[in-house]
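Good morning, colleagues. I would ask you to look at the sequence and the structure on the screen while I speak.

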Amino acid sequence: ALVWHLDEAAAALCLVWRENGVAALRDVPRAGFGWRVLDATVRAQLEGDVARRWSEDGFACEIVLPLRRALATAEASALWQPEGRR
């Protein structure tokens with residue numbers, strides 16, 4: 001399941017990816033390449049935060065992205081127009 005909501009108090013977009021029914025893990029596995037890429041992208045490029053949790057019910061990945069970053073990108077995109085479309 002993928003759910004999202006806007007956290008107005010934190011001015012952030014919150015995404016939660018949840019996988020239910022997966023086997024419970026005794027030891028949390030080390031971060032693989034995909035996790036390192038996701039973590040670096042969210043933190044370094046998007047200035048957000050990402051966390052992963054395992055529980056008896058399954059796995060969850062929580063991503064929090066500041067809206068100021070998304071709004072600045074949207075504004076910059078609106079200002080740029082390909083040649084001939086101005």
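With a relative accessibility of 37%, E47 counts as partly exposed in this predicted model. Its salt-bridge partner is R68, and the closest N and O atoms of the two lie 2.7 Å apart. R68 itself is exposed, at a relative accessible area of 54%. Which parts of the chain does this pair link? R68 belongs to helix α2, residues 67-79, whereas E47 sits in the loop between α1 and β3; the two are 21 residues apart, and the pair thus links distant parts of the chain.

Let me turn to the other charged pairs. Over the whole structure, the search finds four salt bridges. One of them joins D39 to R43, with 2.5 Å between the closest N and O atoms. Both residues lie in helix α1, and because they are four residues apart there, about one helical turn separates them. R43 also forms a salt bridge with D49, where the closest N and O atoms are 2.7 Å apart. Through shared partners, D39, R43 and D49 are therefore joined into one network.

How accessible are the members of that network, D39, R43 and D49? D39 is partly exposed at 21%. R43 and D49 are partly exposed as well, with R43 at 39% and D49 at 39%. For D39 the class is decided by the cut-off: buried means under 20% relative accessible area, so a value of 21% places D39 among the partly exposed residues. As a general remark, side chains of opposite charge can pair when their charged atoms come close.

I come now to the sheet. In what order do the four strands of the open sheet lie? The order is β1-β2-β4-β3, with antiparallel pairing. The edges are taken by β1, residues 2-7, and β3, residues 49-55; each has a single partner strand, so one side of each is left without a neighbour in the sheet. On average, and with direction ignored, neighbouring strands of this sheet are turned by 15 degrees against each other. Between β3 and β4, residues 58-66, the antiparallel pairing runs over seven bridges. Within that pairing, W54 has F59 of β4 as its bridge partner. Helix α1, residues 33-45, packs on the sheet and touches β3 and β4; the direction of the helix makes about 140 degrees with that of β3.

Next, the interior. Which residues make up the largest nonpolar core? There are seven in all: W35, V42, V50, F59, C61, I63 and L65. Two or more of these residues come from each of α1 and β4, and β4 gives the largest share, with four. V42 deserves a closer look. Beyond its neighbours within four places in sequence, V42 is in contact with E47, G48, D49, V50, I63 and L65. That list includes E47 and D49, the two acidic residues that pair with R68 and R43 respectively.

Finally, a word on the cysteines. How many disulfides are counted? The count comes to zero. C61, a member of the core, is buried with a relative accessible area of 8%. C14 is likewise buried, at 10% relative accessibility. Since a disulfide would need two cysteine sulfur atoms within 2.5 Å, a count of zero means that no such pair is found here.

Notes. Residues are numbered from 1 along each chain as its sequence is written. This is a predicted model: local features need pLDDT of at least 70, side-chain atom pairs count only at pLDDT 80 or more; totals for chains, interfaces and linings use all residues. Side-chain values use heavy atoms; hydrogens and water are left out. Buried means under 20% relative accessible area, exposed over 50%, partly exposed in between (1.4 Å probe, protein chains only). Two strands pair if DSSP finds at least two bridges between them. Axes are lines fitted to C-alpha atoms, for helices over the stretch in contact, and angles run from 0 to 180 degrees between N-to-C directions. Contact means heavy atoms within 4.5 Å. A nonpolar core is a set of buried Ala, Val, Leu, Ile, Met, Phe, Trp, Tyr and Cys residues joined through side-chain atoms within 4.5 Å. A salt bridge is a side-chain nitrogen of Lys or Arg within 4 Å of a carboxyl oxygen of Asp or Glu.
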